[in-house]
Amino acid sequence: MKNIETAPFWETKTLEELTPSEWEALCDGCGLCCLHRIQDEDDDAIYLTRVACHCYDIEGRVCSDYANRHERVEGCMKLTLERVGEFDWLPETCAYRLRHHGKPIPSWHPLITNNPVSVHPYGMHALDPVLENDELDLEDYIVDEV
Ligand code: SF4
Ligand code: SF4
């Protein structure tokens with residue numbers, strides 16, 4: 001059993017208890033929340049696509065304008081305590097979603113591996129993403145949920 005005083009914050013703290021820097025560090029950088037989703041008008045089912053937000057730098061594997069992302073892209077919403085509970089479209093692997101449900105973060109999370117690229121096989125790039133553009137029909141790019 002781990003000593004609660006030496007255990008890392010991602011194991012012992014609730015989302016409510018995180019400092020702003022711990023909150024930021026909890027993001028694994030998977031990029032899966034930067035992929036478009038489409039909702040079926042008939043049954044409200046949500047489908048994940050491999051089409052990335054136009055602001056995403058696919059090669060660099062990061063948002064190209066993280067500091068201004070909410071102003072740059074309509075629909076890019078800040079993840080808050082309340083929203084983690086509301087955003088049921090977040091991937092099952094999202095560290096915020098996992099901690100919201102009291103679950104541990106995955107063993108490949110960069111906080112555990114101390115390696116920022118350990119997320120890559122589990123993130124957006126495992127889906128062969130394409131950048132959004134006016135020509136794309138999102139329905140052609142639906143993938144199985146990850
Ligand atoms: S899905 Fe969650 S862990 Fe992945 S990039 Fe988005 S906020 Fe971070
Ligand atoms: S603006 Fe950046 S963080 Fe927001 S969805 Fe687009 S790529 Fe992702």
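## Burial and overall form

In this predicted model, 17% of the chain's 146 residues count as buried. The C-alpha atoms fill a box of roughly 55 × 35 × 30 Å along the principal axes. The radius of gyration is 16 Å; a compact globule of 146 residues would have one near 15 Å, so the chain agrees with that expectation.

Contacts reach across the sequence. Among those with a separation of 6 or more, 56% join residues 24 or more positions apart.

## Secondary structure

The chain holds six helices and six strands. Their order from the N terminus is α-α-β-β-β-β-α-α-α-α-β-β.

## Nonpolar cores

In soluble globular proteins, nonpolar side chains tend to be buried together. The largest nonpolar core here has 12 residues. Its cysteines are Cys 30, Cys 34, Cys 53 and Cys 63. Leu 32, Leu 35, Val 51, Ala 52, Tyr 56, Val 119, Met 124 and Tyr 141 complete the set. A second core is separate and has six residues, among them Leu 26, Tyr 96, Leu 98 and Ile 105.

Ala 52 belongs to the largest core. Beyond its neighbours within four places in sequence, Ala 52 contacts Cys 34, Leu 35, Ile 58 and Met 124, and also Pro 129, Val 130, Leu 131 and Glu 132.

## Leu 26

Leu 26 lies in helix H2, which covers residues 20–26. Is Leu 26 buried or exposed? Leu 26 has 21 other C-beta atoms within 10 Å, and 20 or more make a residue buried, so Leu 26 is buried.

Setting aside residues up to four places away in sequence, Leu 26 touches Trp 10, Leu 18, Ala 95, Tyr 96 and Arg 99. One of these, Tyr 96, is also in the second core with Leu 26. Ile 142 is 116 residues from Leu 26 along the chain, and 27 Å separates their C-alpha atoms.

## Ligand surroundings

Ligand 1 has 13 residues around it. Those that come nearest are Cys 27, Asp 28, Cys 30, Cys 33 and Cys 94. By class, this shell has 10 nonpolar, two polar and one charged residues. Cys 30 is also part of the largest core.

Which residues surround ligand 2? The cysteines are Cys 34, Cys 53, Cys 55, Cys 63 and Cys 76. Tyr 56, Arg 69, Arg 72 and Val 73 make up the rest. The shell divides into seven nonpolar and two charged residues, with no polar ones. Cys 34, Cys 53, Tyr 56 and Cys 63 from this shell also sit in the largest core.

Definitions and conventions: Residues numbered from 1 in each chain as written. Chains lettered and ligands numbered in written order. Predicted model: local features only at pLDDT ≥ 70, side-chain atom pairs only at ≥ 80, totals over all residues. Near = placed C-beta within 6 Å. Nonpolar A, V, L, I, M, F, W, Y, C, P; charged D, E, K, R; others polar. Core = buried A, V, L, I, M, F, W, Y, C linked by C-beta atoms within 7 Å. Contact = placed C-beta atoms within 7 Å. Helix = DSSP H or I, 4+ residues; strand = E, 2+ residues; numbered from the N terminus. Rg over C-alpha atoms; globule rule 2.2 N^0.38 Å.
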